[in-house]
Amino acid sequence: MAAIDEASGRRAASCFFEVGQREIGLSSSRASSCRISGSEGLIVRMSQYGKLRGHSGCVNTISFNPAGDLLVSGSDDTDIILWDWLAKTEKLTYPSGHQQNLFHARVMPFTDDSTIVTVGADGQVRVGQLKQGGEFITKQIGEHHDRAYKMALEPGSPHILYSCGEDGLVQHFDLRSDSPTKLLTCYSFSNRRRRV
């Protein structure tokens, strides 16, 4: 039993070493993620830090801002909440403009946390921007013909993102432009008429 505890302790120490290497830029994010996510020692040592209460619906998306000091969440209530997760407090809430459930929300990098992009069950791709005085203005910048579940941000860019939805469409957005670029549509291998 002591040998198992010792091995588990070495894996956890290795995990914390990997986090340190990642923080100072000596390890890539993909390599760090692979090494850390499979660490039983790290999982065993985790505990609940706190609870954040504010949404009235099921929470479908959470993500950190690029600095890691804020958390953005979105839910079936269609609101976006910015949290100071360390203090366990709500900083700001605003209506996303979506008509149905929010599925993904991200803070755009290099925007001083003032630009948040979202997608949802209504197929809309939306951007919210913080104005002077704490007001958030939202607008639709694109849409899918069915639910839109995920977005990807271009690393290092405050303007570029990609969305995908149940319609199989992958779109490229440049927030400086008025319309998205349709990159490709994914189809099933077994049924070429069925979009994936």
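This note covers a four-stranded sheet, one residue in that sheet, and the cysteines of a predicted model.

1. **Sheet layout.** Strands E5, E6, E7 and E8 make up an open sheet, in the order E5-E6-E7-E8. The pairing is antiparallel. On average, the twist from one strand to the next is 20°.

2. **Edges.** Strand E5 covers 102-107 and strand E8 covers 136-143. These two are the edge strands, and each has a pairing partner on one side only.

3. **The E5/E6 pair.** Strand E6 spans residues 115-120. E5 and E6 run antiparallel and are joined by 5 bridges. As a point of register, Thr-118 in E6 stands opposite Ala-105.

4. **Gln-124.** This residue lies in strand E7, residues 124-130. Is Gln-124 buried or exposed? Its relative accessible area is 9%, so Gln-124 is buried, under the 20% cut-off. The side chain of Gln-124 makes a polar contact of 2.5 Å with that of Arg-126.

5. **Surroundings of Gln-124.** Neighbours within four places in sequence are set aside here. The remaining contacts of Gln-124 include Thr-118 and Val-119. Gly-97, His-98 and Gln-99 are also among them. Gln-140, Gly-142 and Glu-143 complete the list.

6. **Cysteines.** How many disulfides does the structure hold? The count is 0. For Cys-186, the closest cysteine sulfur is that of Cys-164, at 8.0 Å. A disulfide needs the sulfur atoms within 2.5 Å, so this pair is too far apart for a bond.

7. **Cysteine exposure.** Cys-186 is partly exposed, at 32% relative accessibility. Cys-58 is also partly exposed, with a relative accessible area of 46%.

Terms used. Residues numbered from 1 in each chain as written. Predicted model: local features only at pLDDT ≥ 70, side-chain atom pairs only at ≥ 80, totals over all residues. Heavy atoms only, no water. Pairing = 2+ DSSP bridges. Axes fitted to C-alpha atoms, helices over the stretch in contact; angles between N-to-C directions. Buried < 20%, exposed > 50% of the residue type's maximum accessible area, 1.4 Å probe, protein only. Polar contact = N/O pair within 3.5 Å; in protein donor to acceptor, adjacent residues only side chain to side chain. Contact = heavy atoms within 4.5 Å.
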